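Trainee: I should like a close look at a single part of this model, namely its aromatic ring pairs. Please describe them in one connected account.

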Amino acid sequence: MTTPAPLEGIRVVEMGRVMAAPFCAQMLGDLGADVIKVEMPPGGDESRSYGPHNFGGISYYFASLNRNKRSITLDLKQEEDKQTLRRLLERSDVFIHNSLPRAIEGLGFAYEQVKGLNERLIYCSISGYGAKGPDKNTPSLDMIAQAASGVMSITGPGDGPPFRAGVPIADLTAGMFAAYAILGALRQRDQTGLGQEVHTSLLEASASLLTYLASQYFITGNNPQRLGNAHPSIVPYDTYPTSDGWVAVAVVNQGIWQRFCQKLGLLELQSDERFATVAARGANREELTPILVEKFQQMSTLELVAAMKEVSVPCEAVRTLEMVFNDENSKAIGLKAEFEHPEAGPMAAINTPYHLSAYPDTIRRPPPKLGEHTEEILAELS
């Protein structure tokens, strides 16, 4: 007997663009939901046009966010196609979009406008600034959200400008939180028989990542400062140059500090009062850091990482993507997924970052062509 997928039998209608909503829907598709991506002609999701590097004519950007989906094109300026979407929602479990409130309301698909179609529908919207405040109709993007949430203010070197994170954390975390909330709403529906509205925003998702830094601010009233890769109270906890690259080292307690010093032949640091405790090392980072850098630069990255791992000191090379995907551990955990597209040929993607023993990691469907499944889906509604 074949084990059913975790979300088998759940139909998701996604009317998402670019990243947050498509990423949310892809997560549900990876768990076995039937995800129908609704796209407006003529171009569909604008990420289809993002280049320049494409898989056989398919945008690498679009491909990374839209596997395990079917695509239908609907011109929602036309009443006939609006009616088709309503029929879809009547027969679906989840609706996801990341349109501005005024835009979705103008189309006639705000929550209050569609909830009467299907009392079991989970309606999920993702906005930039939240659903209720004065900025609810203000457009946002990942970098804007990182700035608005305070994340950018603490990212970057202390003596330089603020940086955005190198990955779109606001978009991606908003998508993840939306998927998390949808699963909770589906479970609650099992108990009540009723759907509900679910909302998150790029601002709330990225601000939630502040965790202890926000708590620090609430307690002290002081804004955290940018420290580059350093930690505000733990030393060494930073990236450091070696003779041929960079490493990240994190010495977070006394046991690790002792092993660190012994392995590197820095026994004199253990008896130095300036560095004897976590607090002392944090207070004297300006004196300690040059000593460590001098030692690290006498070693190659491979030598230093091997030495630290040998004594269970958290340490790793700052890897390029080539190094990441050629690493034996990455291969063992299946970090890279490879599959075939019927037209583009071999494709690759980051695999799901979780593993269910009763459901294999799988890419059932490659990213769809625009409107590829329109006739198929319309036939299902007839």
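Mentor: In this predicted model, the count of aromatic pairs comes to 8. One of them joins Y60 and Y61: the ring centres lie 6.5 Å apart and the planes stand at 70 degrees, over the 60 degrees that the class requires, so this pair is edge-to-face. Y60 has 35% relative accessibility and therefore counts as partly exposed; Y61, at 21%, is likewise classed as partly exposed.

Another pair is formed by W257 and F260, whose ring centres are 5.7 Å apart; because their planes make 20 degrees, under the limit of 30, the pair is stacked. Both residues belong to helix α10 (residues 254-264), where a separation of 3 residues amounts to about one turn. W257 is buried at 1% relative accessibility, and F260 is buried with a relative accessible area of 0%. The ring of W257 also has the charged end of R281 over it, 4.3 Å from the ring centre.

Ring pairs extend this arrangement into a cluster of Y240, W257, F260 and F296. Y240 falls within β9 (237-241), which stands at an edge of its sheet with a single partner strand, so one side of β9 is left without a neighbour there. That sheet is open and antiparallel, with 3 strands in the order β9-β10-β11. Its neighbouring strands are turned by 20 degrees against each other on average, direction ignored. β9 pairs with β10 (residues 246-250) over 5 bridges in the antiparallel sense, and T239 stands opposite A248 of β10. Helix α14 (residues 301-310) packs on the sheet, touching β10 and β11, and its direction makes about 155 degrees with that of β11.

Terms used. Residues are numbered from 1 along each chain as its sequence is written. This is a predicted model: local features need pLDDT of at least 70, side-chain atom pairs count only at pLDDT 80 or more; totals for chains, interfaces and linings use all residues. Side-chain values use heavy atoms; hydrogens and water are left out. Two strands pair if DSSP finds at least two bridges between them. Helices (H or I, at least four residues) and strands (E, at least two) are DSSP runs, numbered from the N terminus. Axes are lines fitted to C-alpha atoms, for helices over the stretch in contact, and angles run from 0 to 180 degrees between N-to-C directions. Contact means heavy atoms within 4.5 Å. Rings of Phe, Tyr and Trp (its six-membered ring) pair if their centres lie within 6.5 Å; planes under 30 degrees apart count as stacked, over 60 as edge-to-face and the rest as tilted. Buried means under 20% relative accessible area, exposed over 50%, partly exposed in between (1.4 Å probe, protein chains only). A charge sits over a ring if NZ of Lys or CZ of Arg is within 6 Å of the ring centre and within 35 degrees of the ring normal.
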